[in-house]
Amino acid sequence: MPSKKGPIVLVTVFIIIIGIPNAFLYVLNNGNPINKYYVEKHIPAHLSEMGYSKQDINLQDYIEPKYLINKDVYHGHYRVVFKDEPNLEYLYGLTKNSKEVVQFCEKESRIGDHSYGDMTAEKTNHSEENCLGYFENRE
């Protein structure tokens, strides 16, 4: 009777040589898909609970920053641009431990579609009472 270990070993070696590096490159380029799932599940629901509808929002999507942010939240976060404040980009995160949605105190000033000015932490129309510092707890 032929041995069945040969095909199993070949498949295992194939997964190790091809699968793991490809998965690593995918995460580097696109972010962690599990974190993205959590963020895209909780933050739109939070915005809806806050009374915002799709008609109130120009842009909302998941983004991965290229630099370290607050370690209390998942690295990927959500940006929202409201119709009545098209020059501000609000940033939301999801805490790692309690899966609680937080708004970052800092907002990005939008100059154009892909151009940004300074960040501001001033109270604005859609600022939430409790916010989290974007650049706090980075070490």
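Start by selecting N125, which sits in the loop between β6 (116-120) and β7 (131-132). Helices here are DSSP runs of H or I with at least four residues, strands are E runs of at least two, and both are numbered from the N terminus. This is a predicted model, so keep the ground rules in mind: local features need pLDDT of at least 70, side-chain atom pairs count only at pLDDT 80 or more, and totals for chains, interfaces and linings use all residues. Residues are numbered from 1 along each chain as its sequence is written, and side-chain values use heavy atoms, with hydrogens and water left out.

**Stop 1: around N125**

N125 counts as exposed because its relative accessibility is 55%. The cut-offs are under 20% relative accessible area for buried, over 50% for exposed, and partly exposed in between, using a 1.4 Å probe and protein chains only. Now show its contacts, meaning heavy atoms within 4.5 Å. Setting aside neighbours within four places in sequence, N125 is in contact with D84, E85 and Y90. For a sense of scale, draw a C-alpha to C-alpha distance to K41: the two are 24 Å apart in space and 84 residues apart in sequence.

**Stop 2: strand β2**

Next, select residues 77-82, which make up β2; six of its six residues are buried. Turn it and look at each side: H77, R79 and V81 lie on one, Y78, V80 and F82 on the other, and all are buried. That layout is worth a glance, because in a regular strand the side chains alternate between the two faces of the sheet.

Now add the partners; two strands pair if DSSP finds at least two bridges between them. On one hand there is β1 (residues 57-63), antiparallel to β2 and joined to it by six bridges. Pick Q60 and you'll find V80 as its bridge partner in β2. On the other hand there is β3 (residues 88-94), also antiparallel to β2, with three bridges between them. Here R79 stands opposite L91. β2 and β3 form a hairpin, with five residues between them.

**Stop 3: strand β3**

Stay on β3. Seven of its seven residues are buried, so the strand is largely enclosed by the rest of the structure. L88, Y90, Y92 and L94 point one way and E89, L91 and G93 the other.

Zoom in on E89, which belongs to β3. Is E89 buried or exposed? E89 counts as buried, because its relative accessibility is 2%. Beyond residues up to four places away in sequence, E89 touches R79, V80, V81, K107, E108, R110 and Y116. One of these, E108 in β5, stands opposite E89. β5 (residues 107-110) pairs with β3 in the antiparallel sense over two bridges.

**Stop 4: β4 and the hairpin loop**

Follow the chain on to β4 (residues 101-104), which runs antiparallel to β3 and is joined to it by three bridges. Select L94 and V101 together: L94 stands opposite V101 in β4. The hairpin of β3 and β4 has six residues between the strands.

Which residue in this loop deserves a backbone check? Try K99, placed in the loop between β3 and β4. K99 has a positive phi of about 55 degrees although it is not a glycine. K99 counts as partly exposed because its relative accessibility is 27%.

**Stop 5: helix α1 and its patch**

Jump to V9 in helix α1 (residues 5-30). V9 is partly exposed, because its relative accessible area is 49%. Colour V9, V11, V13, F14, I15, I16, I17, I18 and I20 together: they form a nonpolar patch on the surface, with about 840 Å² of accessible area together.

**Last stop: colour by confidence**

Finally, switch to pLDDT, the predictor's confidence in each residue, from 0 to 100. The chain's mean is 85, and 93% of its residues reach 70 or more. Among the elements, β4 has the highest mean pLDDT (92) and β6 the lowest (78).

Key
Patch = residues over 30% accessible without salt bridge, like charges linked within 9 Å, V, L, I, M, F, W, Y side chains within 5 Å. Areas by Shrake-Rupley, 256 points an atom, 1.4 Å probe, with all protein chains shown as cover. Salt bridge = Lys/Arg side-chain N within 4 Å of Asp/Glu carboxyl O.
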